[in-house]
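Me: I've got a model open and some labels I'd like to poke at. Mind if I ask where they come from?

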Amino acid sequence: MIGRTLPEPRFLDLFTPKLITVFRERYRLSDLRADAVAGLTVAVVALPLSMAIAIASGVTPDRGLYTSIVGGFLVSALGGSRFQIGGPAGAFIVLVLATVQVHGIDGLILATLLSGLILLLAGLLRIGTFVKYIPYPVTVGFTAGIALIIFASQIKELLGLTLPSAEPGPLLPKLDALWQALPTTNAAAAGLAGLTIAVIIFLRRHRPHWPGLLVAISLASVLAHLLALPVETIGTRFGGIPDSLPAPHLPSTSFEKIVAVLPAAGAFALLGSIESLLSAVVADSMTGRRHRSNCELVAQGIANVASSLFGGICVTGTIARTATNVRSGARGPVAGMLHSVFLLMFMLLAAPLASYIPLAALAGVLATVAWNMAEKHAFSTLLQASIGDAVVLLASFLLTIFRDLTEGILIGFVLSALLFLHRMAQAVEVESASLLLEQDSADTANGNDRRPYDPALATDRDVIVYRISGAFFFGAATSVAAALDRIAEHPKAYVVDFSAVPVIDSTAAVTIEGFVRKTQRQGVAIYIAGARSPVRRTLLLHGVRRPLVRFKATVGDAVSDAHAVIAANSQP
């Protein structure tokens, strides 16, 4: 594909936590101050979110805090990402709620422990490398499906509805039951939920550095208390939250119970690995760093085991909180560890105040989380990209909603593989007119205008040329991304040669888009040379367009233009 032969990394290199790496780079007092500020900022965001996710998952709010405190600390301390923030995630709400309904709290804790062991084993076996092969349309599809299910699960609390019986789990029966209960709408609860959402949106647009979630929750709590509104709160439903961590203990186990919860544990591990590595990739794209995927899975495994021992629920990397960590100026994993310490302090000092938080306000928080999870722009782009990508996207989306999250991921992956085979077959058909044994010919005789080898291209320090050859699809995207990220030079321009790429899919296009944005932040120009019309169309659909990149017909044209621009910029 790209680049050069790289030495095989040692076992210790793959599983050394980024915390140790950061300390080896001379961690200074200024770094600690920056991490403390970032950790406090993330803790303020995580406090209401951890409780809201726990309640939506069918457990008490304190279990969400235990998860962020214990699991979040270990994810940062032992993980393979500098900026990962661990805790309960909205993506797990559906799975956790279903597990609680079938197996109870003890079954959930046992499934969490087993999922941790599965993740630990997967990391040690280096399976994290393959998890990154999940195609982009699949991740967008199941994430949008989860977002829709989360929003539907919060309608009852958003409107303060009273149902005559337990709320159904499947989407269509749930919506029917909620529709029948509309006459029981609690105006006060609906008003608080609407106020919470409005405050979050307003602060996000006009005061993005303010802790919008905490401000909205605090305002709703004060209004509910001062006006004595008839709404349910954490105190009225759960009796508040404890002011200390529980003593660690093993969940009750038996062979029959292990067998019963094993499918849930497998689903937790699968979703946890995907979510955590997606979150780590987001942090990489924001910072230009690169995580160690298998080390990250080992940390996620240990964190889930520890979370279960303290009565917590599933731990995974959380994209929104990780992005907040990066934007807040974090320098390394210490920020994530301090986020957990601050959460513990909040719980110890302010536990009584949590009793006043209205459940409608927490539902408003989750409604905004679901809206942000949906990746609406990516969903729309994939529907336009190609029929194949649209089919994979919709299959993953619909199966997640109406069947099962695991089915949505697996069937989406299978469809992506079949789509790739179909595209490769088309590419082979295009070339079938040529002779089976092609005659040797001079480089200049090539129809693609390939010139004889020019050593100047290999030694040019200002303009670096990298060539991609063959089908560029989801299975190869990770390898290409790794090769691009390992570029050690610091040129003034990159030329990526696509002339030998017959087909590209959405996952590969998103990989190139991430590389382009990273190099743009470094002030480096990007040229794409020789891209065929279908390849260029896919790149354009996924944001690889001017002014981020410049398209040229050949490598020579791109190199000449790059040198002309460099020369013009260097003139006084």
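Reply: Sure, let's start with A228, which sits in the loop between α10 (212-226) and α11 (234-238); helices here are DSSP runs of H or I with at least four residues, numbered from the N terminus. This is a predicted model, where local features need pLDDT of at least 70 and side-chain atom pairs count only at pLDDT 80 or more, while totals for chains, interfaces and linings use all residues. Residues are numbered from 1 along each chain as its sequence is written, and side-chain values use heavy atoms, leaving out hydrogens and water.

Me: What makes A228 exposed or buried?

Reply: Exposed means over 50% relative accessible area, buried under 20%, and partly exposed in between (1.4 Å probe, protein chains only). A228 has 62%, so A228 counts as exposed. A228 also has a positive phi of about 50° although it is not a glycine.

Me: And what about R26, exposed or buried?

Reply: With a relative accessible area of 65%, R26 is exposed. R26 is in the loop between α2 (18-24) and α3 (29-56), and its phi is positive, about 65°, although R26 is not a glycine.

Me: Why is something called a nonpolar core here?

Reply: The label needs buried Ala, Val, Leu, Ile, Met, Phe, Trp, Tyr and Cys residues joined through side-chain atoms within 4.5 Å. The largest such core has 92 residues, and M51, F142, I234, I241, F268 and L362 have the most contacts inside it. Apart from that core lies another, of 22 residues, including Y466 and V535.

Technical notes. Helix = DSSP H or I, 4+ residues; strand = E, 2+ residues; numbered from the N terminus.
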